[in-house]
Amino acid sequence: MPHVLTLPVLTVLALVGACAEPAELMESLTTTEAASTAAATETGAGAPTVTYHRDVRPLLARHCLGCHQEGGIAPIALDSAAAAAAFAGPIAAATASRAMPPFPADNSGACHSFRDARWLTDAELATLATWAEEGAPAGDPGSAPAEPPPPTGLDGEVRTLAMAADYTPRAELEDDYRCFVIEGAAPAEGETFVTGFDVRPGNPRIVHHVIVYAPRSAEAVKQARALDAAEPGDGYTCFGTSQVTAAVAAAWAPGGKPTRYPEGIGVRLQPGAPVIMQMHYNTLAGPGMSDRTAVDLRVAAGGVTPARFVGLADLGLALPPGEAEVTTAHTGPAGKPTGAPMRIHGVFPHMHTLGRSLEIRHPASDSCVISVPRYEFHWQLLYFYEQPLVLPADPTLTITCRYDTRTRAELTRWGEGTMDEMCVAGLLVTDG
Ligand code: HEC
């Protein structure tokens with residue numbers, strides 16, 4: 001389902017419209033209940049096999065409610081028995097197609113699995129499908145298992161960085177990508193490593209993702225400050241990336257929890273340098289709203305192995321227009337040679353809006369590094385492996401990207417602009 005963004009939004013608007021009237025909602029619930037009774041009678045089974053309270057609610061709480069609650073980014077709230085029942089069909093359909101929860105990478109185990117993956121098992125998919133088929137029975141509230149405690153925050157030394165002022169996304173844009181230069185991330189003296197993060201969106205209705213970039217040189221810091229100064233208001237427009245040479249220090253999308261980097265590693269910040277916080281605002285759910293987001297960085301002054309991002313990029317892109325499928329592949333080294341085995345902790349895949357899927361393989365061992373079969377520009381994630389992947393020294397990797405260029409009339413090349421494309425991944429690695 002490549003058009004996760006546009007098509008479903010229309011569906012959602014239609015759905016939301018349909019339940020605007022409480023009377024209609026009640027009616028649809030009554031119908032649902034009747035259907036449930038009918039289904040139970042037909043199958044001859046006295047009690048439904050799957051119920052909301054016992055089976056569905058815990059699943060929604062774990063995988064969906066981070067976004068699907070009042071005030072969340074998703075246009076429909078699914079946090080009550082009535083609301084969930086009203087949407088039982090769409091819930092079953094959206095999960096079966098893996099459009100929901102948004103998790104573009106393959107976590108099935110065919111190409112590794114990732115920490116804190118928003119990924120339903122086949123058994124969970126079957127639970128939702130059966131529940132919808134049987135008419136979305138509520139069941140007995142007393143049968144609900146205890147809800148797990150909310151995730152704990154970050155431990156250790158935490159540095160809070162926040163936008164200096166409220167920002168109102170530009171009304172003429174459905175998607176406003178804005179970079180804020182936030183000073184004070186790393187003192188001029190001594191070392192600073194980021195070992196974890198917790199993003200606190202100021203206005204969860206409009207914050208679609210947050211990527212914190214650590215500029216990699218004094219020159220990059222200068223460029224970011226210049227970009228900021230050149231545009232009126234706080235921050236600067238930054239569609240694809242931070243627009244300067246920088247490493248990803250944190251990446252977050254709605255529903256994201258406090259994240260600790262794998263034990264013993266950290267991303268180094270330039271002494272005295274700011275971080276660049278890239279905000280993606282989507283204004284469909286709340287036009288005219290403003291935001292001020294903060295990020296807590298868990299930092300260490302040392303005692304960790306510096307992890308670095310190495311890039312694997314296909315810079316020679318030349319995508320012909322008007323084609324449903326254009327596939328490109330590039331094979332090359334990832335980063336500079338070190339002579340040491342490469343331990344890969346995480347991956348940040350990146351294309352622009354024409355991107356549909358991305359895969360990285362290690363040809364020498366004929367093995368998969370990451371597969372992103374449902375790439376979605378608006379759901380960019382930093383994936384951490386359950387177990388780091390160890391490859392022989394100085395590996396040669398192949399990155400394959402697939403695009404849909406039907407909206408374009410001209411050749412599309414590599415670049416930072418809205419109309420340019422990318423085919424790149426940042427691999428978070430250490431030696432050994
Ligand atoms: C990270 C946030 C997030 C999570 C987690 C999430 N959703 Fe969504 N959901 C959205 C957004 C945003 C939309 C609106 C359409 C879009 O942007 O893709 C949506 C749309 C939907 C729709 C409307 C139809 C469709 O296909 O788009 C359904 C149904 C749905 N979600 C069900 C679920 C279920 C069930 C879960 C959990 C198993 C879930 N969602 C988890 C954010 C989320």
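**Loops, helices and sheets of a predicted model**

Q243 is found in the loop between β5 (236-237) and β6 (246-252). The model is a predicted one, and this loop residue is a convenient place to enter it. Although Q243 is not a glycine, its phi is positive, at about 75°. Around Q243 there are 19 other C-beta atoms within 10 Å, and the residue is therefore partly exposed; a buried residue would need 20 or more.

A second residue with this kind of backbone angle is H112, which is not a glycine either and has a positive phi near 70°. H112 lies in the loop between α5 and α6. Because H112 has 21 C-beta neighbours inside 10 Å, it counts as buried. The loop between α5 (88-96) and α6 also contains P101. The peptide bond between M100 and P101 is cis, with omega at about -15°.

Before turning to the elements on either side of that loop, some totals for the chain are useful. The chain has 432 residues, and 41% of them are buried. Its secondary structure consists of seven helices and 20 strands. Of the contacts between residues at least 6 apart in sequence, 85% join residues that are at least 24 apart.

Two packed helices are described by the angle between their axes and by the distance between those axes. For α5 and α6 the angle is about 150° and the axes are 9 Å apart. The two helices, α5 and α6, are therefore roughly antiparallel to each other, since an angle over 145 degrees is classed that way. The crossing in which α5 passes α6 is left-handed. On the α5 side, the residues that meet α6 are A88, G89, I91, A92, T95 and A96, and their counterparts in α6 are L125, L128, A129, W131 and A132. Sorted by class, this contact of α5 with α6 holds nine nonpolar and two polar residues, with no charged ones.

Helix α6 (residues 122-133) also packs against helix α3 (residues 52-63); the axes of these two come within 10 Å and cross at roughly 125°. α3 and α6 are therefore oblique to each other. Here too the crossing is described by its hand: α3 passes α6 in a left-handed crossing. From α3 the contact takes in D55, V56 and L59, and from α6 it takes in E124, T127, L128 and W131. The contact of α3 with α6 has four nonpolar residues, one polar residue and two charged residues. L128 and W131 of α6 thus appear in the contact with α3 and also in the contact with α5.

Among the strands, β8 (residues 265-269) is a useful starting point. Four of the five residues of β8 are buried, so the strand is largely enclosed by the rest of the structure. Strand β3 (residues 192-200) is joined to β8 by three bridges, and these two strands run antiparallel. In this pairing V194 stands opposite V267 of β8. Strand β11 (residues 305-313) is also joined to β8 by three bridges, but β8 and β11 run parallel. There, I265 stands opposite T305 of β11.

Further along the chain, four strands make up an open sheet with antiparallel pairing, in the order β13-β18-β15-β16. The edges are taken by β13 (326-333) and β16 (367-372); each has a single partner strand, so one side of each lacks a neighbour in the sheet. With direction ignored, neighbouring strands of this sheet are turned by 15° against each other on average. Within the sheet, strand β15 (residues 355-362) and strand β18 (residues 396-403) run antiparallel and are joined by six bridges. One bridge partner pair is G355 with Y403 of β18.

The last residue to consider is F384, in strand β17 (residues 383-391). F384 has 18 C-beta neighbours inside 10 Å and therefore counts as partly exposed. Apart from neighbours within four places in sequence, F384 is in contact with F114, R115, P262, H345 and G346. F384 and V347 are 37 residues apart along the chain, yet their C-alpha atoms are separated by 6.6 Å.

Terms used
Residues numbered from 1 in each chain as written. Predicted model: local features only at pLDDT ≥ 70, side-chain atom pairs only at ≥ 80, totals over all residues. Axes fitted to C-alpha atoms, helices over the stretch in contact; angles between N-to-C directions. Parallel < 35°, antiparallel > 145°, perpendicular 65-115°, else oblique. Left-handed = near helix turned anticlockwise from the far one by under 90°. Contact = placed C-beta atoms within 7 Å. Nonpolar A, V, L, I, M, F, W, Y, C, P; charged D, E, K, R; others polar. Pairing = 2+ DSSP bridges. Buried ≥ 20, exposed ≤ 12 C-beta atoms within 10 Å, placed from the backbone.
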